[in-house]
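Subject: Structure for your files

Hello,

Here is the structure I said I would pass on. My notes on it follow below.

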Amino acid sequence: MKLQRRPRRALLVVHVAASACWLGVTLGLLTLAVTATTTGAGLAVEASARAMKLFADWLVIPLALLTLLSGLVLSLGTRWGLARHRWVYVKFWLTLLTTAASIFALRPGVNDAVATLSAGGQVTRATDLLAGPLVSLTSYVFMTAISVLKPWGLTRRGRKHRVTAPKAVDADRLSPTA
């Protein structure tokens, strides 16, 4: 089923906005992680980690899921398809992986850091807070680039679909003036 023009455009706006928000939240997380790992002040470290927890608990997961769902519906409801073009296929899997990493690694890691700091301990490894946002940011920038550039061409399924798809009728040949 192909999406009609208005719903497709509305969903595209939702997808781009959710993706941009996810990228922005990740930049915020990275900024807070850098602050937490480079400052020597205990209050600044704890405040940064607590702010990261708010982002991770309330923003990252909903934005990740909205990005994943809207991208999936767009790919299935447009000519791009989910497995016809390599860039769409790669972007889907990267979105799925970064969503899973956000749920199962980033959020628990931030929560553990906050629990450690609340108990009077210290974050001993900078990578505990920095790794998640750095990996996420790299993935999102890469996905943005392939969304714009659309590299790599068709998949085997896409080539097969293109060969078996009915040809569009040339309107000029059917015109009485031609």
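Helices α1 and α2 run roughly antiparallel to each other, because the angle between them is about 155° and anything over 145 counts as roughly antiparallel. Their axes lie 8 Å apart, and the crossing is left-handed. The residues of this contact divide into 22 nonpolar, eight polar and one charged. In sequence, α1 covers residues 5-38 and α2 covers residues 42-77.

Please bear in mind that this is a predicted model. The mean pLDDT for the protein is 88, and 92% of the residues score at least 70. Among the elements, α1 has the highest mean pLDDT, at 95. The lowest belongs to helix α6 (residues 171-174), with a mean of 46.

That helix sits in a stretch to treat with care. Over residues 169-178 the pLDDT stays under 50, and the model has two contacts beyond four places in sequence for these residues. Where pLDDT is low, the predicted coordinates should not be read in detail.

As for the whole chain, the protein has six helices and zero strands, so to speak of its order is simply to list α-α-α-α-α-α from the N terminus on. The C-alpha trace spans about 85 × 30 × 20 Å along its principal axes. The radius of gyration is 22 Å, whereas a compact globule of 178 residues would have one near 16 Å.

Regards

How values were computed. Residues numbered from 1 in each chain as written. Predicted model: local features only at pLDDT ≥ 70, side-chain atom pairs only at ≥ 80, totals over all residues. Heavy atoms only, no water. pLDDT = per-residue confidence, 0-100. Helix = DSSP H or I, 4+ residues; strand = E, 2+ residues; numbered from the N terminus. Contact = heavy atoms within 4.5 Å. Axes fitted to C-alpha atoms, helices over the stretch in contact; angles between N-to-C directions. Parallel < 35°, antiparallel > 145°, perpendicular 65-115°, else oblique. Left-handed = near helix turned anticlockwise from the far one by under 90°. Nonpolar A, V, L, I, M, F, W, Y, C, P; charged D, E, K, R; others polar. Rg over C-alpha atoms; globule rule 2.2 N^0.38 Å.
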